Amino acid sequence: MTIVENASNHSVDTSTLRVPEILAPAGGREQFFAALQSGADAVYLGLKQFNARGRAENFTLEDLRELAPLARRYGMKILVTLNILLKEDELPRLRLELAELQWIGIHAVIVQDLGVARFIRENFPTIRLHASTQLAVHNLAGVLAAIDFGFKRVVVARELTAQELRKIQTAVEGQAVEVEAFCHGSLCYSYSGLCFFSGAEDARSGNRGECAYTCRKPYKILNEPGHGFLFSMKDLNTSKDLSKLVEANVHTLKIEGRKKDAQYVATSVGLYRQELNRIFGRETGPGGRSIERDYQHDMSFSFHREMTSLFVNGRYHENVIDLNNPTHKGLLIGTIEKIKGRIIEVMSTQALERFDGLRIESRDSLYHALPQHGDKVQGNMRNAQKKYKNNVSQFSLREFSLKGRRLNQCNAHTRVEIELPNEIEMPSIGDAVYKIRSNELKRHTENLSKAPADARIRALRSIDLAFHSEQVGDALHLRVEAFLGKDSILKDELVLPYQLAKKAGSLATDIIESFSLLGDAACDCAVSFQGSEEAFVPRSVLKELKQRLNLNLPDAIAAATARSIESSLVHLNQDRGMLPQAAAERFAIKIDRLEYLDAIDSFLQNRRDFALTEIVFEPKRAFLGKLAPKEIFAPLFDFVHKHGISLRFAFPTVLRAWDEVMLKAWVKSFMELGGTAFEIGNIGAKALLSNFTGPRDDLDISSDFTLYVLNSEAAVAAEELGVKTAALSIEDDRSSLEAKLEHWPKGSLKPQVILYKDTPLFIAEACSLTALHGGCPTAAVCGYRTLEIENDEGERFFVAHESCKSIVYGAKAFSLSQHRRELAAFGVEDFRVDFLTREYSKEQLIAVLAQIASVETIRETHSANYERSLL
């Protein structure tokens, strides 16, 4: 038994635990090599298109052909990110990339779009599927649903606790799935895959790899004194709690950061490799590639904000938002004690050398929080804006001295005089000086961010060669077959007189050595051998066979590629077609408050021509008080029976383990009263529903827009999940919508368009009230109050707190009311109107419905991306 005590004095028995793999980000070649030489087990990277970090350097297919053989030689896997939602016209282009990618020998692709996953599963079966964190899997049900869909690994939501991770891993242990959890890097305020702020504000959807980082902006609070970076998350760093993730026994630890540099990659990989070595008491890296350094110290000079372990130790264990700083922090080395001309004097607590990076900041707080600071406002939005735009005093240390003597370096605790460059704004005495970059660390990283000295880099495809030798009478039959996965693409055979080899087993060795690289065919081969190993085959004969393979393999690969391209295009056009113009219109109204029934009733009394067919109800504890489950649903069923319509139960978008008991009780009461219609927002909700109801064929399942039907292949995937009506994305634009509906699957699946909704710009487990109070003050103090806020452009938003979840929505709601007739012409018959989160008066709700009924433009609304192009 191996028991190791970690940094927090927590003993870990590692005897039955796996060593988790370290998965590192690689935004470009330098980062790739840094990961390779720092001890990463795998890297994830993106192509030039179709990935969630579209503004990183990224890689071409030719890059991957060069780098994949090197990675295999060093025992490092390559994962390719295809983790965005694709529009209809992008799927044909994607197939061209996949047709080449299947020959490169990558370990897997990371996917968000269920349509993309289905397309790969059906057309490129050799490519292994991993479910992106953008798929918003945040419970065991989601992991089990991902397994059923064909995913071999699931990247779970960052918000999960170590306890949740351990329960999930225990439940799926032995199944054909791996669990991957984030251990380090930048954090999104919203659950990944559930952020709509960027897309709504700038048409730059985070679900399309174009995030505008609205969460890093400063905001002013309007309904109480306060301002600051209300949504700017600290950076995740679980290195001091790593034993808890190890005990959870997850397969992979993921480091965020494909837009970060090689220094960050080398430092973060080194940090976690060193910690794993300590926890397990041995070298854990591939090929023993660990480098001993003080990585915690180094991390201060690689991009990082203030650190947090997030929810590893439990929900609200700590404040996870930094109200004061949205960017790289660095290490405080001292304060300015004297100023003479452009010379500042500082007692540096850290060693310095020329070309280190320094930053000077006022020590005054940039933010103001009423619970912490009272009514007298400190700081201002102007300075916060400067910080957000990185208009700060930072520079490379070029001239510094000790008592007038110029220095190239100095030890810690040295009083130094630093000459400020002319472009730097003059500071004040007492301002803080931070060391943000280390020249020594830069030199160390430069050696790691180049190809290994013994590396031979050339572009190669990856292929499997299976050899089989068999004695038939006096002859030896030596057959070779080239495979892509299970598909044979080329066969060849030699027949020669049978001879015994002088050394048994030498034939297998000769074949593996001779055929591992087919240089003329540009193939890196995984060679297997079966059959008689006692036979002798002259090297000249093997050379002849190798020449034939070198000659014939390129044509075989080209032919197989062409077949993939053609068959996958046939797949995309199979059973698809244009929807006919809508012959009728049907409306659903979705609510989360029982009080709205009275307003809807009043509206229907006056507008009997309004074709309302169902009420969709999403139960939320925050609005239901102490009502028993049957007390919730009885008035709902009374209402729908009165109006001759149906009732649908909407599963909440986010369902954590602790929500399931109440949810099960609600579902039970709903069904006991005759309910059979449900709405799901993700694959986990579908699995959870099946758990609650057991096998049933009478359920009517619809999907919310968060299941993401942005293309017709995703529509087919939704239909295969049992969905009968699919709400289309509220981020979509007109041309994309039209293209999808012109290519809709010829089944029973009906598209539904949301005509009105307070878009949940953020859906978050992190809490701005906790940040404002300097820690969770409990509900009795915070009151789950709603904050009204404003950005620098004067746009207003609201931060609602439904129990302990934060939902941000805009002062202006989303609406396509005025486009309803055009949408009907596209073939849409089903429309939905949502009244969620925001509290509506009876008069407001009736006014919205009246304008929708009249196909009017609703006042104080926006159409998001419908009339512009979703990036």
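Select Phe-637 and Phe-670 in this predicted model. Both are buried. The structure holds 33 aromatic pairs. Phe-637 and Phe-670 make one of them, a tilted pair with 5.6 Å centre to centre and 35° between the planes. Phe-637 belongs to helix H18 (residues 629-643) and Phe-670 to helix H19 (residues 660-672), so the pair ties together parts that are 33 residues apart in sequence.

Now widen the selection. Add Phe-617, Phe-633, Phe-649, Phe-651, Phe-678 and Phe-692. Together with Phe-637 and Phe-670, these form one aromatic cluster.

**Charges over rings**

Go to Phe-182. Arg-158 lies over the face of this ring, 3.8 Å from the ring centre. Then pick Tyr-44. The charged end of Lys-254 sits over the Tyr-44 ring, at 4.3 Å from its centre.

**Strand E45**

Select residues 830-835, which make up strand E45. Is this strand mostly covered or uncovered? It is mostly covered: six of its six residues are buried. Color the two faces separately. Asp-830, Arg-832 and Asp-834 are on one side. Phe-831, Val-833 and Phe-835 are on the other. Both faces are covered.

Next, show the neighbours. Strand E32 (residues 586-591) pairs with E45 in the parallel sense, over six bridges. Here Ile-589 stands opposite Val-833. Strand E39 (residues 750-757) also pairs with E45 in the parallel sense, over four bridges. Gln-752 has Asp-830 of E45 as its bridge partner.

**Two open sheets**

Trace the sheet E19-E11-E10-E41-E42-E43-E40. It is open, has seven strands and pairs antiparallel. Its edge strands are E19 (368-369) and E40 (762-764), and each pairs on one side only. Stop at E10 and strand E41 (residues 787-790), which run antiparallel and are joined by two bridges. Lys-220 stands opposite Glu-790 in E41.

Trace the other sheet: E20-E18-E25-E15-E16-E24-E21-E22. This one is open too, with eight strands and antiparallel pairing. Strands E20 (393-396) and E22 (405-406) stand at the edges with a single partner strand each, so one side of each is left without a neighbour in the sheet. E18 and E20 run antiparallel, joined by four bridges. Look for Arg-359, which stands opposite Gln-394 in E20.

**Helix H12**

Select residues 381-388 for helix H12. Which residues are buried in H12? They are Met-381, Ala-384, Gln-385 and Lys-387. These four cover an arc of only 160° around the axis, which puts them on the same side of H12. An α-helix has 3.6 residues a turn, so residues three or four places apart point the same way.

Show what covers the buried residues of H12. The cover includes strand E10 (219-221), strand E11 (226-228) and strand E18 (357-361). E10 and E11 belong to the seven-strand sheet, and E18 to the eight-strand sheet.

Check both ends of the helix. At the N-terminal end, Asn-380 is the cap: one of its side-chain oxygens lies 3.1 Å from the backbone nitrogen of Arg-382. Just after H12, Asn-390 takes a positive phi of about 60°.

**His-227**

From the cap, move to His-227 in strand E11. His-227 is buried, at a relative accessible area of 5%. Its side chain reaches the backbone oxygen of Leu-366 at 2.9 Å. A polar atom of the His-227 side chain also lies 3.5 Å from the backbone nitrogen of Asn-380. Display the residues that His-227 touches beyond four places in sequence. Among them are Tyr-219, Lys-220 and Ile-221, then Val-377, Gln-378 and Gly-379, and also Met-381.

**Tyr-866**

Finish at Tyr-866, in the segment after strand E46 (861-862). Is this residue buried or exposed? Tyr-866 is buried, with a relative accessible area of 2%. Its side chain makes a polar contact of 2.6 Å with the side chain of Glu-822. Beyond its neighbours within four places in sequence, Tyr-866 is in contact with several residues, including Asp-732, Asp-733, Arg-734 and Leu-737. Leu-816, His-819, Leu-823 and Phe-826 are also among its contacts.

For a last distance, pick the C-alpha atoms of Tyr-866 and Arg-398. They are separated by 52 Å, and the two residues are 468 apart along the chain.

Conventions:
Residues numbered from 1 in each chain as written. Predicted model: local features only at pLDDT ≥ 70, side-chain atom pairs only at ≥ 80, totals over all residues. Heavy atoms only, no water. Buried < 20%, exposed > 50% of the residue type's maximum accessible area, 1.4 Å probe, protein only. Arc of directions from axis to C-beta. Contact = heavy atoms within 4.5 Å. Polar contact = N/O pair within 3.5 Å; in protein donor to acceptor, adjacent residues only side chain to side chain. Pairing = 2+ DSSP bridges. Phe/Tyr/Trp six-rings, centres within 6.5 Å; stacked < 30°, edge-to-face > 60°. Lys NZ or Arg CZ within 6 Å of the ring centre and 35° of its normal.
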